[in-house]
Amino acid sequence: MTSATTASQTELKAAKVPLGWRDQCSAKEKMYLPWECENERHAYEKCQYEDYMRRMKELSKRKLEAAEE
C-alpha cells in the first residue's frame, strides 16, 4: 500500500536521491529498522549489476561488429 507521499523509483531517480535513501520498505512496515530490508536492497543491486553487465556485453559486441566491417 502506497500513500500520496510515496515517490516512484522514476521520481527518485529524477530527483537524484541516493540509493541508500530509497528504502521504502523500512519506513512504516519495518518500524524504521533499515537492516530489515537487506533482501530487497540485495535484489535491487543484483538487478542493477546484471543490467549493467548485459549492456556492456551488448556494447562490446557492437564494437566488435563495427571493427569487422
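In this predicted model, a helix is a DSSP run of H or I at least four residues long, and helices are numbered from the N terminus.

Q: How many helices and strands does the chain have?
A: The count comes to 2 helices and 0 strands.

Q: What separates Glu-50 and Lys-46 along helix 2?
A: About one helical turn, because they sit 4 residues apart in that helix, which covers residues 38–68.

Q: Why is the contact of Glu-50 with Lys-46 called a salt bridge?
A: The cut-off is a Lys or Arg side-chain nitrogen within 4 Å of a carboxyl oxygen of Asp or Glu. For Glu-50 and Lys-46, the closest N and O atoms are 4.0 Å apart, so the pair makes the cut. As background, side chains of opposite charge can pair when their charged atoms come close.

Q: Are Glu-50 and Lys-46 buried, exposed or in between?
A: Buried means under 20% relative accessible area and exposed means over 50%. Glu-50 comes out at 45% and Lys-46 at 47%, so both count as partly exposed.

Q: How do you know that Arg-54 forms a salt bridge with Asp-51?
A: Check the distance: their closest N and O atoms are 2.5 Å apart. That is within 4 Å, so the label fits. Both residues lie in helix 2, 3 residues apart, which is about one turn of the helix.

Q: What makes Arg-55 and Asp-51 a salt bridge?
A: Here the closest N and O atoms are 3.3 Å apart, so this pair passes the 4 Å test too. Arg-55 and Asp-51 are 4 residues apart in helix 2, so about one helical turn separates them.

Q: Which residues are linked with Asp-51 in a network of salt bridges?
A: Arg-54 and Arg-55. Asp-51 pairs with Arg-54 and also with Arg-55, and that's how the network hangs together.

Q: Why is Asp-51 called partly exposed, and what about Arg-55?
A: Asp-51 has a relative accessible area of 29% and Arg-55 has 41%. Those values lie between 20% and 50%, so both residues are partly exposed.

Q: How many salt bridges does a search of the whole structure find?
A: It turns up 4, so the three pairs above are among them.

Q: What share of the chain counts as buried?
A: Of its 69 residues, 6% do. The chain exposes about 6,500 Å², with carbon and sulfur atoms supplying 57% of that.

Terms used
Residues are numbered from 1 along each chain as its sequence is written. This is a predicted model: local features need pLDDT of at least 70, side-chain atom pairs count only at pLDDT 80 or more; totals for chains, interfaces and linings use all residues. Side-chain values use heavy atoms; hydrogens and water are left out. Buried means under 20% relative accessible area, exposed over 50%, partly exposed in between (1.4 Å probe, protein chains only). Accessible areas come from the Shrake-Rupley method with a 1.4 Å probe; for residues, only the protein chains shown count as cover.
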